[in-house]
Amino acid sequence: MRYNTDDSTTFWAIGPDSSVLARHSEFCGKAVEMVLPFEGVNIGELAVKLVIKEWQFSDGSLSFNNLRVSSQPSLNGSSNFLPRTGRRIIVTVVEGKDLITKDKSGKCNPYVKLQYGKVLQKTKTAHSFNTVWNQRFEFDEIGDGEYLKIKCYTEEVFGDDSIGSAHISLEGLVEGSPRDVWIPLEKVNSGELRIQIEAVRIDDYEGSRGSSYSGNGWIELVLIEARDLVAADLRGTSDPYVRVQYGNLKRRTKVMYKTLNPKWHQTLEFPDNGNPLELHVKDHNAVLPTSSIGDCVVEYQRLPPNQMADKWIPLQGVKRGEIHIQVTRKVPELEKKPSVDPDTSLTKAHQISSQMKQMMIKLQSLIDDGILEGISTPLSELEALQDMQEEYMVQLETEQMLLLNKIKEVGQEMLNSSPSLTRNSFGS
């Protein structure tokens with residue numbers, strides 16, 4: 001089953017000869033019936049009634065009876081709206097002691113994952129029961145009682161095992177008064193982590209670092225590769241691509257087929273307006289809905305201008321997988337951006353829109369005729385056209401923003417250089 005953005009639910013199953021049977025429920029609580037064939041025999045069917053009473057999302061919000069409401073922040077999830085407080089939380093994972101092991105040889109290779117809001121960080125892997133990391137991580141502070149979630153794992157040959165977790169309340173942090181605490185791990189018989197936590201005002205912190213650029217520009221994101229992704233297909237591979245969410249803007253990479261270590265080497269640009277930069281790694285499927293094989297958030301806000309950050313980011317929501325990216329905050333120098341002819345771009349956008357409509361008509365015709373195996377090619381073409389359209393619109397929006405910023409800068413320079421002219425103008 002799959003949750004749709006209009007608050008409906010799609011149920012599907014494998015039918016005869018690997019066909020797809022699907023039914024649609026308009027809202028939570030509405031039951032649908034499906035008649036499904038038995039596998040491995042030539043006769044026999046099973047009638048089932050399916051109903052979803054409630055959807056609960058990873059951010060803690062709920063959906064039922066065609067409504068989506070935000071729940072209160074809790075240990076199990078974040079609120080749907082996460083206001084920033086203007087402070088930064090600095091978390092140092094210092095050391096651990098008495099960590100358990102599930103390895104028959106008695107070895108322990110622990111590492112720690114930290115989650116705060118939608119941001120996930122990961123320590124290096126150590127090789128001892130009583131280990132020292134001394135790794136420092138930074139998060140933008142979130143209000144409304146958001147917890148810092150800690151999960152400790154041990155690396156194993158056939159998959160990593162959990163060796164405890166904890167939740168830390170960040171309420172009442174005072175600037176200039178860091179906490180140094182031993183946190184007992186939950187759901188295990190032994191194990192503690194030493195964590196240091198400090199809250200700092202962003203303005204003061206950035207000033208002590210030499211101040212990062214705070215003006216508007218654009219974000220250059222290079223999606224290089226990923227490694228050790230989870231397999232989404234029965235054959236033990238995936239067809240991965242990345243969907244990038246930046247505010248209301250969505251972009252995506254090409255699909256790399258039959259691999260768990262894809263290499264994209266694609267560059268995307270977005271206007272720098274401070275929105276969260278979210279990466280959603282997905283497995284492409286021409287027939288069934290795409291499945292998620294990991295998510296992460298790229299922290300870019302505190303980067304100095306024109307200084308590229310190269311990093312591997314662990315994927316969230318899956319057992320393994322990392323993505324390799326480069327991100328740069330570009331200074332808005334209009335002459336360095338390629339010029340776009342608005343008339344040409346808008347004409348091209350209209351052409352793409354027309355082609356998308358024709359492709360949708362073709363897809364609908366194939367679906368109506370029951371030719372599901374033929375929808376793979378037009379579906380891929382439709383996705384490519386959508387990406388091209390988004391690219392043109394983002395480029396136009398970026399140029400418009402940079403031009404407006406340049407006009408403001410020139411106007412401010414004129415006012416600053418001619419104060420007497422300003423007073424005379426107001427006086428007259």
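## Exercises on a predicted model

The second largest pocket in this predicted model has a volume of about 400 Å³.

**Exercise 1.** Find out which residues are the closest to the centre of the second largest pocket, and which strands supply at least two residues of its lining.

*Solution.* Start in the middle: of the 17 residues that line this pocket, Q121, R302, K311, W312 and I313 are the closest to its centre. Next, look at the strands around it. At least two lining residues come from each of strand 11 (119-122), strand 12 (132-142), strand 22 (291-298) and strand 23 (309-314). Finally, sort the lining by class: you get nine nonpolar, seven charged and one polar.

**Exercise 2.** Is I150 buried or exposed? Then work out how far I150 is from L120 in sequence and in space.

*Solution.* First, place I150: look in strand 13 (residues 147-154). Then check its relative accessibility, which is 2%. Buried means under 20%, so I150 counts as buried. Last, go from I150 to L120: along the sequence they're 30 residues apart, while C-alpha to C-alpha they're 9.9 Å apart in space.

**Exercise 3.** Track down V41, decide how exposed V41 is, and name the residues that form a nonpolar surface patch with V41.

*Solution.* Begin with the loop between strand 4 (32-37) and strand 5 (45-50); that's where V41 is found. Now for exposure: V41 has a relative accessible area of 48%. Exposed means over 50% and buried means under 20%, so V41 is partly exposed. As for the patch, F38 and L46 join V41 in forming it on the surface, and together the three have about 270 Å² of accessible area.

Note on methods
Residues numbered from 1 in each chain as written. Predicted model: local features only at pLDDT ≥ 70, side-chain atom pairs only at ≥ 80, totals over all residues. Heavy atoms only, no water. Patch = residues over 30% accessible without salt bridge, like charges linked within 9 Å, V, L, I, M, F, W, Y side chains within 5 Å. Areas by Shrake-Rupley, 256 points an atom, 1.4 Å probe, with all protein chains shown as cover. Salt bridge = Lys/Arg side-chain N within 4 Å of Asp/Glu carboxyl O. Helix = DSSP H or I, 4+ residues; strand = E, 2+ residues; numbered from the N terminus. Buried < 20%, exposed > 50% of the residue type's maximum accessible area, 1.4 Å probe, protein only. 1 Å grid on protein atoms, 1.4 Å probe; cavity = no way out; pocket = protein on both sides within 12 Å on 5 of 7 lines; lining within 4 Å. Points joined across faces, edges and corners; volume = space filled by probe spheres on them. Nonpolar A, V, L, I, M, F, W, Y, C, P; charged D, E, K, R; others polar.
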